[in-house]
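Work through the exercises below with the sequence and the coordinates open beside you. Each task is followed by a solution that proceeds step by step.

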Amino acid sequence: MSTPVIEVLSPAKINLFLHITGRRPDGYHTLQTVFQLLDWGDTMRFSPRAEPGVVLKHPMPGVAESNNLILRAAALLLESYGGSESGAVIDIEKRLPMGGGLGGGSSNAATTLIALNTLWNLGASVSELAEIGLRLGADVPVFVRGYSAWAEGLGEILTPLTLPPRWFVVAIPKAEVQTAEIFRHPGLTRNTKPITMSALFAGQVRNDLEPVVVEHYSAVRNALNWLSNSAPAMMTGSGACVFAGFDSEDTARTVALDAPQDLRTVVVRGINESPVLRI
C-alpha cells in the first residue's frame with residue numbers, strides 16, 4: 001500500500017484595501033480589509049512519519065525553528081488534539097517572498113493545520129482550527145476558512161465574499177518590510193472611519209500603511225510609481241509587494257512585460273476558494 005501524501009497549494013493573498021480603524025488598550029490595531037486569495041503560492045507536501053513529532057524536510061534559511069509558523073502550527077495542533085505518536089514530514093517549495101505582504105507564513109501555518117488534521121484524522125472543526133490559527137497571527141484564520149473575505153476586528157471577523165473575476169500584476173520589490181516597525185510608527189493613520197462594502201466597489205479605499213512604507217522603503221515607492229502608470233496600484237498588507245488589477249490576463253501580462261529589469265513581477269488570477277478546501 002502506498003504511503004499517503006497530501007500535496008496542496010498554500011495560496012497567497014492581497015489586501016484590496018487596508019484601513020486602520022483604531023488601536024486597542026493592548027496595543028493591537030483594529031482594521032477593515034478585504035482578503036483576495038490568489039491562484040499562486042507555495043507548494044506544501046505532508047507525509048506520515050513513523051517517529052513522533054514533525055520535521056521540515058528542508059529548513060527555511062534565515063528562519064529559526066522557534067519562529068517558524070509551520071512548526072508552531074503543528075505544535076499547537078498536537079498540543080490541542082494530537083496523540084504522542086503523531087508524526088509527519090513537511091516539505092515546502094517556497095515561491096512567496098518573506099516580508100512581502102502576501103501572507104505566505106500565515107498561509108503556510110493554515111495549510112499545516114488543515115493538512116495535519118486530515119493526515120492524523122484528528123477531527124478538529126474548521127472553527128477550532130481557525131481559533132488555533134488566530135494564536136499564530138491575525139491573517140491565519142482567513143486561510144483556514146479558505147474563502148476570500150471582508151475582514152474586521154484584528155482581521156479575524158470574516159465575511160466570505162464572491163469577488164468578480166480579476167487578474168493581477170504583483171510587483172515584488174527587493175525589500176523586506178518589518179511589519180512591527182510600521183505599526184509602531186508615529187505617523188501611521190489609526191483613526192480611519194469604518195466603511196461599508198459599497199465604498200470598496202466605488203474605489204473609495206486605500207492602504208493606511210502605504211504612506212509610511214513608501215517613505216522609508218524606496219524600492220516599494222519605485223514599484224508603486226511604475227505600476228501606477230498602467231492602473232490604480234496599491235501596496236498589499238504592510239508591503240513590500242504592490243499590485244494592480246486588470247480585466248484580462250493578456251492586459252496584465254502586457255503590463256508585466258514592461259517592468260523595470262530589477263523588479264520581479266508575477267501575473268496571477270484572483271480566486272474565491274482556496275485549494276486547501278479540497279484536502
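The exercises that follow treat aromatic pairs, a helix crossing and one residue's surroundings in a predicted model.

**Exercise 1.** Determine how many aromatic pairs there are, and classify the pair of Phe 17 and Trp 150 by its geometry.

*Solution.* Step one is the count, which comes to two aromatic pairs. Step two takes the rings of Phe 17 and Trp 150, whose centres are 5.6 Å apart and whose planes stand at 50°; since planes under 30 degrees apart count as stacked and those over 60 as edge-to-face, this pair is tilted. Step three places the partners in the chain: Phe 17 belongs to strand 1 (residues 6–23) and Trp 150 to strand 5 (residues 149–152), so that the pair links distant parts of the chain, 133 residues apart. Step four concerns accessibility, where the cut-off for buried is under 20% relative accessible area: Phe 17, at 0%, is buried, and Trp 150, at 5%, is buried as well.

**Exercise 2.** Classify the aromatic pair of Phe 168 and Phe 243, and state which strands hold the two residues.

*Solution.* The ring centres of Phe 168 and Phe 243 are 6.1 Å apart and the angle between the planes is 75°, which makes the pair edge-to-face. Phe 168 lies in strand 7 (residues 167–172) and Phe 243 in strand 9 (residues 242–246), so the pair ties together parts that are 75 residues apart in sequence. With relative accessibility of 3%, Phe 168 counts as buried, and Phe 243, with 6%, is buried too.

**Exercise 3.** Describe how helix 1 and helix 3 cross, and which residues make the contact.

*Solution.* The axes of helix 1 (residues 69–80) and helix 3 (residues 126–136) come within 10 Å and cross at roughly 135°, and the two helices are therefore oblique to each other. Their crossing is right-handed. Helix 1 contributes Leu 69, Arg 72, Ala 73, Leu 76, Leu 77, Glu 79 and Ser 80 to the contact, while helix 3 contributes Leu 129, Ile 132, Arg 135 and Leu 136. Sorted by class, the contact has seven nonpolar, one polar and three charged residues.

**Exercise 4.** Is Ala 171 buried or exposed, and which residues does Ala 171 touch beyond those up to four places away in sequence?

*Solution.* Ala 171 is found in strand 7 and, with a relative accessible area of 0%, is buried. Leaving out residues up to four places away in sequence, Ala 171 touches Ala 223, Trp 226, Cys 241, Val 242, Leu 263, Arg 264 and Thr 265. As a further distance, the C-alpha atoms of Ala 171 and Thr 254, which are 83 residues apart along the chain, are separated by 14 Å.

Terms used
Residues are numbered from 1 along each chain as its sequence is written. This is a predicted model: local features need pLDDT of at least 70, side-chain atom pairs count only at pLDDT 80 or more; totals for chains, interfaces and linings use all residues. Side-chain values use heavy atoms; hydrogens and water are left out. Rings of Phe, Tyr and Trp (its six-membered ring) pair if their centres lie within 6.5 Å; planes under 30 degrees apart count as stacked, over 60 as edge-to-face and the rest as tilted. Helices (H or I, at least four residues) and strands (E, at least two) are DSSP runs, numbered from the N terminus. Buried means under 20% relative accessible area, exposed over 50%, partly exposed in between (1.4 Å probe, protein chains only). Axes are lines fitted to C-alpha atoms, for helices over the stretch in contact, and angles run from 0 to 180 degrees between N-to-C directions. Angles under 35 degrees count as roughly parallel, over 145 as roughly antiparallel, 65 to 115 as roughly perpendicular and the rest as oblique. A crossing is left-handed if the near helix is turned anticlockwise from the far one by less than a right angle, and right-handed if clockwise. Contact means heavy atoms within 4.5 Å. Ala, Val, Leu, Ile, Met, Phe, Trp, Tyr, Cys and Pro count as nonpolar, Asp, Glu, Lys and Arg as charged, and the others, Gly among them, as polar.
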